[in-house]
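Okay, thanks everyone for squeezing in. I'll put the structure up and then walk through a few spots in it, mostly side-chain packing and charge pairs.

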Amino acid sequence: MGWDVPLVASVGLDGVGVADADREGFVVRHEARPAADSAVVPRPRRVVVTGLGALTPLGVGVGELWQGLLDGRHGIRELTGEEFAGLPVRVAGVVPVDPAELLPRAAARRMNRAAQFAVLAAREAWADAGFAAGGTRESGIDPERVGVSLGAILGDASVLVGGDRRLREKGPRGVSPLTTPMTVPSQAASQVSLDLHITGEARTVTSACASGTEAIGEAIDRIRYGRVDIALAGGAEAVVTPAIMASFASMRALASGGVDGGSPSRPFGKGRDGFVNGEGAGVLVLEAEEHAVARGARIYCEAAGWGLSADAHHLAAPDPSGSGVALALRRAVRDAGGHVVDVVHVNAHATATVEGDLAEAGALRAVFGERAVPVTALKGHLGHLQGAAGGVEAVAAVLTLHHGVVPPTVGSGEADEAIGLDVVRGAPRVLPSRGDLVLSNSFGFGGHNAVLALRRVGQGDRGSGVRRVGPGG
């Protein structure tokens with residue numbers, strides 16, 4: 001059905017010219033797009049987590065990450081390189097091995113450090129999901145039905161800095177032709193796609209420190225609505241460089257302490273004074289439920305929903321009211337088809353900045369009211385992994401659901417009474433049995449807020465057929 005409206009000038013599909021539009025009473029007929037047949041609108045599919053991979057300051061692999069979290073260890077180290085001499089802050093959460101040494105030399109030379117992290121984490125997650133080493137072809141999986149979705153802020157800032165240095169020292173001929181392809185933040189996603197022969201899609205999300213969580217959320221929707229059946233999603237970052245460290249220090253955003261007295265990152269602690277810069281990667285294999293069940297995959301949990309919001313408040317500082325954070329929290333719970341009372345744990349963003357932790361705590365109190373929900377923050381263990389933080393912390397949140405154990409918050413020291421949350425400290429705690437949702441929070445400079453909702457399998461499944469299987473089974 002169309003509608004008629006008088007216009008003074010237009011060109012219609014029937015070839016009527018502009019001159020004809022001057023005639024009195026001339027109208028242009030607009031034919032509306034036919035309404036979509038509701039019968040062909042796909043029903044959203046449930047999405048589950050079947051594989052995990054990580055490289056973090058606690059070590060190589062998910063096992064090192066999880067054990068380090070439970071043991072209360074941290075991976076924050078002093079930066080001893082000559083290039084860091086003279087900086088006001090010289091500690092960071094650095095991956096303790098050179099990722100290039102874990103890859104074939106020819107392949108490693110064509111990847112920046114963040115892409116190396118991503119490929120290694122993706123390989124681990126792919127194998128953990130029960131697929132064959134090598135990628136889609138070796139696993140008998142249609143590569144067009146698999147996607148990659150990774151978050152990054154810069155990826156690897158050192159490549160561009162190094163190219164500029166060589167230009168100044170040696171002239172144009174001294175700049176490697178690989179400088180540009182190794183500089184773009186999308187290199188991690190493209191390298192994972194190349195390494196595992198994934199052709200469905202390879203996307204990169206850049207939303208400051210919310211990038212990794214938002215990338216996982218985007219992948220959930222791509223599977224929900226049938227664009228792909230499997231996705232490797234998370235984040236990778238390598239920005240422990242002198243210029244980035246100096247910039248954060250100039251902002252007075254970095255923690256001032258050293259590592260002699262334990263972790264200098266103090267999330268939710270009374271003495272917190274800034275975050276610790278870090279690097280790494282965390283990747284989840286997300287899969288349509290029916291696809292995972294059909295191949296007999298081990299299912300960790302359901303990737304149940306996610307929520308976004310924007311503070312629209314300040315270039316770098318969070319909105320002290322926490323209203324944007326609260327909106328993202330509520331949207332994630334709603335998108336998961338749940339209720340606030342279903343939440344049994346929150347993996348907090350908690351960077352250990354004074355204002356940021358207060359804003360997040362206020363938002364959590366506003367959403368949960370007087371109910372004490374166990375909260376933990378991992379940046380005392382790891383530092384702030386920037387665009388990779390959401391990916392690594394999602395891995396930890398999945399394991400919290402799978403094992404029924406909440407890791408403690410390291411480095412917080414004396415509690416800040418203004419926080420007013422049930423922060424898990426000292427030792428791991430058993431996950432509450434009533435309820436089935438865990439939230440993982442990520443918030444970034446400029447007001448980017450992203451929250452991931454994960455659901456425990458075997459509870460609240462609504463007859464879906466998802467079943468809980470033991471590790472390795």
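**Rings, a buried helix and some charge pairs**

So, let's begin with the rings: Phe248, Phe275 and Phe445 are linked into a cluster by ring pairs. Keep in mind that what you're looking at is a predicted model. If you search the whole structure, you get three aromatic pairs. One of them is Phe248 with Phe275, an edge-to-face pair, with 5.0 Å centre to centre and 80° between the planes. Phe248 sits in helix 9, residues 242-250, and Phe275 is in the loop between helix 9 and strand 10 (279-288), so this pair ties together parts that are 27 residues apart in sequence.

Are those two rings buried or exposed? Phe248 is buried, at a relative accessible area of 9%. Phe275 is buried as well, at 4% relative accessibility.

Now the other pair on Phe248: Phe248 and Phe445 are also edge-to-face, 6.4 Å centre to centre with 65° between the planes. Phe445 comes from the loop between strand 17 (437-444) and strand 18 (448-455), while Phe248 is in helix 9, so here the pair ties together parts that are 197 residues apart in sequence. Phe445 itself counts as partly exposed, because its relative accessibility is 32% and buried would need under 20%.

Okay, next stop, helix 7. How much of helix 7 is buried? Seven of its 10 residues (the helix runs 187-196) are, so helix 7 is largely enclosed by the rest of the structure. The buried ones in helix 7 are Gln187, Ala188, Ala189, Gln191, Val192, Ser193 and Leu196. And what do they pack against? On the helical side, the buried residues of helix 7 pack against helix 3, helix 4 (136-139) and helix 6 (179-183). On the strand side, they pack against strand 7 (146-151), strand 8 (201-205) and strand 9 (230-238). If you're into backbone torsions, look just after helix 7: His197 takes a positive phi of about 50°.

Gln187 also takes us to Asn112. Setting aside neighbours within four places in sequence, Asn112 is in contact with Gln187, and also with Asp156, Val159, Met182 and Val184. Asn112 lies in the loop between helix 2 and helix 3 (113-128). At 2% relative accessibility, Asn112 counts as buried. Its side chain has a backbone partner too: the side chain of Asn112 reaches the backbone nitrogen of Ala114 at 3.2 Å.

Right, charges. As a reminder, side chains of opposite charge can pair when their charged atoms come close. How many salt bridges does a search of the whole structure find? The count is 20, and I'll just pick out a few.

Here's one: Arg224 with Asp335, where the closest N and O atoms are 2.9 Å apart. That pair links distant parts of the chain, with Arg224 in helix 8 (residues 211-224) and Asp335 in helix 11 (residues 323-335), 111 residues apart. Arg224 is buried at 9% relative accessibility, whereas Asp335 is partly exposed, with a relative accessible area of 30%.

Another one is Asp416 with Arg272, whose side chains meet in a salt bridge at 2.9 Å, N to O. This also links distant parts of the chain: Asp416 is in the loop between strand 14 (405-406) and strand 15 (422-423), Arg272 is in the loop between helix 9 and strand 10, and they're 144 residues apart. Asp416 counts as buried at 17% relative accessibility, and Arg272 counts as buried at 6%.

Then there's Arg295 with Glu287, where the closest N and O atoms are 2.7 Å apart. Arg295 is partly exposed at 28% relative accessibility, but Glu287 is buried, with a relative accessible area of 0%. Elsewhere, Arg45, Arg145, Asp229 and Glu290 are joined into one network by salt bridges that share partners.

Last bit, out on the surface. Which residues form the nonpolar patch there? Val60, Val97 and Leu102, with about 200 Å² of accessible area together. Leu102 is found in the loop between strand 6 (91-93) and helix 2 (105-108). Leu102 counts as partly exposed, at 42% relative accessibility.

That's my tour, so over to you.

Conventions
Residues numbered from 1 in each chain as written. Predicted model: local features only at pLDDT ≥ 70, side-chain atom pairs only at ≥ 80, totals over all residues. Heavy atoms only, no water. Patch = residues over 30% accessible without salt bridge, like charges linked within 9 Å, V, L, I, M, F, W, Y side chains within 5 Å. Areas by Shrake-Rupley, 256 points an atom, 1.4 Å probe, with all protein chains shown as cover. Salt bridge = Lys/Arg side-chain N within 4 Å of Asp/Glu carboxyl O. Helix = DSSP H or I, 4+ residues; strand = E, 2+ residues; numbered from the N terminus. Buried < 20%, exposed > 50% of the residue type's maximum accessible area, 1.4 Å probe, protein only. Phe/Tyr/Trp six-rings, centres within 6.5 Å; stacked < 30°, edge-to-face > 60°. Polar contact = N/O pair within 3.5 Å; in protein donor to acceptor, adjacent residues only side chain to side chain. Contact = heavy atoms within 4.5 Å.
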